[in-house]
Amino acid sequence: IPVDPFDLVVIGATGDLAQRKILPGLYRRHLAGQMPPEARILGAARSDLTEAAFRAMVADALAAHVDAAKQHPAEIAAFLKRIGYVAIDVSGAAGWGALKAALRPDVVRAFYFSVAPGLFGELAERLHEHGLATPQTRIVVEKPFGRDLASARALNATLAAHFAEHQIYRIDHYLGKETVQNLMAVRFANILFEPLWNAQYIDHVQITVAEAVGVGGRGAYYDKSGAMRDMVQNHMLQLLCLIAMEPPWHFDPDAVRDEKLKVIRALQPVPAPDIVRGQYVARDPAPGGAGYLHDAGNPASRTESYIALKVHVANWRWTGTPFYLRTGKRLRARTSEIAITFKEPPHSIFDDARGWRENVLVIRLQPNEGINLKVMIKEPGPGGMRLVQVPLDMSFATALGEDGTDIPDAYERLIMDVIRGNQTLFMRGDEVEAAWAWTDPIIAAWEARGDRPQPYDAGSSGPEDALMLMHRDGRRWREIR
Ligand code: NAD
């Protein structure tokens, strides 16, 4: 369904995120017929480029980041015609008049803040000062949203001075993933799961976001952040919220976000024994690169490139069901999944229960987005009543009869939601603050103790102690592969 006509200004349009994700994503929406002819995209950044030079840059970005099967010269040419460019300086006066002149008064107007996070507040002020923010204007704010509660509050206050909450779209691209939204459909459009969705029937939940790459060129930036701030406070807590929240009364932005906020507020403080932090090391000669300390350019760094935590949601539904979270860099494979392990049936009627395993509902975010439910059946054949576990597999690509490439990428879906004015998949200011309020004391405690992260081999499944975190509870992590 096409969206309304719009002017989308990508500020920081020459940067890595814009070139790799935002502009290729917009092209795919163009190709899908979702952009009306009047939709326009304006790049803005500090570089002094002509419109032609910027369009050439976008053409290169599409060549590099769009599937070959989707590169249709006529469509690319039509897409490039939508694109303009204005050089601006967020910290100065240059370019704002030209940007204002380029915008139309009668279409949806959105500014995508794809600049360094230190500029977010200033950028909001500039838009206001130069009269670019109309009451219908939307702003899309990238991550990270603050680095602790105080900075997130300050940023919220600055944004709130110039924009109403309904104009502010704090992006968390995990929420734009097809499977993550499907999690809500699976939970709330079926009767099958919800009656079992509580501590009485769910043994535990595992959330894994494993990356195979290291911090690479972003080392200096990452070293000031670490896995807790970079992944857990935002993406992983958002996933946890979607699993743990109560059914919203309606699929509506504030109804959903109210329920997520209640979950964040119910998170218990995490004691030291329930936290494992790690840093990757590379054995010499390193096949995939150097160790973390080298990548970070800081031989004394105590920043974690890996973290595992056991988290409790203290409410009526979840008391007794731990949520184990783990995320890290330079692990065995790139994989993100949520696995919900159900409890044993109360009584077994089978003499030979050797093949018995728990029911597990696995929600795979990458690779191969899909949902998979492991159920017990009788092993086929004449061997008597022997049990075997089989997956009920719903890979979206096969289930929907497509090759999977038509599932829109998270960024493009979320940008279209901004144009439609739908905030359901964006974080509200109070949610972000509540998440920091939980995160801050955890970080403060390990900083006060002077904890050092445990080394783990690049290409492994993470530190030994993370295995123990599960073993001591009689559970085990799913394999990363
Ligand atoms: P980048 O450094 O590659 O690009 C920054 C852009 O901002 C460039 O276009 C630059 O010209 C512009 N810019 C810098 N100073 C400016 C100023 N004073 N006035 C106007 N323009 C200015 O950064 P990036 O990696 O593209 O990241 C952009 C934002 O997205 C950051 O907030 C980052 O945290 C966030 N983000 C990036 C990624 C990623 O994969 N790159 C992922 C998640 C979030």
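## Close-up views of a predicted model

**View 1. The buried residues of helix 5 touch two other helices and three strands around them.** The partners here are strand 1 (6–11), helix 4 (96–102), strand 4 (108–113), strand 5 (138–141) and helix 6 (149–162), and the buried residues of helix 5 pack against them. This is a predicted model, so keep that in mind for every view that follows. Which residues of helix 5 (residues 120–129) are buried? They are F120, G121, L123, A124, R126 and L127. Look just after helix 5 to find G131, which takes a positive phi of about 70°.

**View 2. Helix 7 and helix 9 pack together.** Try following helix 7 (residues 178–188) and then helix 9 (residues 227–244): their axes are 10 Å apart and meet at an angle of about 10°. An angle under 35 degrees counts as roughly parallel, and therefore helix 7 is roughly parallel to helix 9. Which residues of helix 7 meet helix 9? From helix 7 come V180, L183, M184 and R187, and in helix 9 they meet L239, L242, I243 and A244. Sorted by class, this contact has seven nonpolar residues, one charged residue and no polar ones.

**View 3. A cavity is lined in part by helix 9 and helix 14.** How many cavities of 30 Å³ or more does the structure hold? The count is one. The largest cavity has a volume of about 100 Å³. Its lining is made of 16 residues, and those nearest the centre are K143, P144, F145, N234 and M427. Helix 9 and helix 14 each supply at least two residues of this lining, with helix 9 giving the largest share, four residues. By class, the lining of the largest cavity has seven nonpolar, four polar and five charged residues.

**View 4. P144 follows a cis peptide bond.** Staying with a residue of the cavity lining, we can look at its backbone. Most residues other than glycine have a negative phi, and most peptide bonds are trans. The bond from K143 to P144 is cis instead, with omega near -5°. Where does P144 lie? Look in the loop between strand 5 and helix 6.

**View 5. The loop between strand 12 and strand 13 holds both P367 and N368.** A cis peptide bond joins Q366 and P367, and its omega is about -10°. N368 adds another backbone feature: this residue is not a glycine, yet its phi is positive, at about 50°. Is N368 buried or exposed? With a relative accessible area of 58%, N368 is exposed, because the cut-off for exposed is over 50%.

**View 6. R330 is a buried loop residue with a positive phi.** You can find R330 in the loop between strand 10 (323–328) and strand 11. Its phi is near 50°, a positive value in a residue other than glycine. R330 has 10% relative accessibility, so this residue counts as buried, a label given to values under 20%.

**View 7. The second largest pocket has strands in its lining.** This pocket has a volume of about 700 Å³. Its lining has 23 residues, and V360, K374, W477, R478 and E479 are the closest to the pocket centre. Which strands each supply at least two residues of the lining? They are strand 7 (202–210), strand 11 (335–342), strand 12 (360–366) and strand 13 (370–378). The classes divide into eleven charged, eight polar and four nonpolar residues.

**View 8. Q19 is a buried residue of helix 1.** Helix 1 spans residues 16–31, and Q19 is found within this helix. Q19 has 12% relative accessibility and therefore counts as buried, as the value is under 20%. What does Q19 contact, leaving aside its neighbours within four places in sequence? The contacts are A13, T14, P24, F54, M57, A61 and H65.

**View 9. A437 and A150 are far apart in sequence, at 287 residues.** In space, the C-alpha atoms of A437 and A150 are 9.2 Å apart. A437 has its place in helix 14 (residues 429–449). A437 is partly exposed, because its relative accessible area of 40% falls between the cut-offs of 20% and 50%.

Notes: Residues are numbered from 1 along each chain as its sequence is written. This is a predicted model: local features need pLDDT of at least 70, side-chain atom pairs count only at pLDDT 80 or more; totals for chains, interfaces and linings use all residues. Side-chain values use heavy atoms; hydrogens and water are left out. Axes are lines fitted to C-alpha atoms, for helices over the stretch in contact, and angles run from 0 to 180 degrees between N-to-C directions. Angles under 35 degrees count as roughly parallel, over 145 as roughly antiparallel, 65 to 115 as roughly perpendicular and the rest as oblique. Contact means heavy atoms within 4.5 Å. Ala, Val, Leu, Ile, Met, Phe, Trp, Tyr, Cys and Pro count as nonpolar, Asp, Glu, Lys and Arg as charged, and the others, Gly among them, as polar. Buried means under 20% relative accessible area, exposed over 50%, partly exposed in between (1.4 Å probe, protein chains only). On a 1 Å grid over the protein atoms alone, a cavity is a set of points where a 1.4 Å probe fits but cannot get out, and a pocket is an open set with protein on both sides within 12 Å along at least five of seven lines; lining residues have an atom within 4 Å of a point. Grid points are joined across faces, edges and corners, and a volume is the space filled by probe spheres set on the points.
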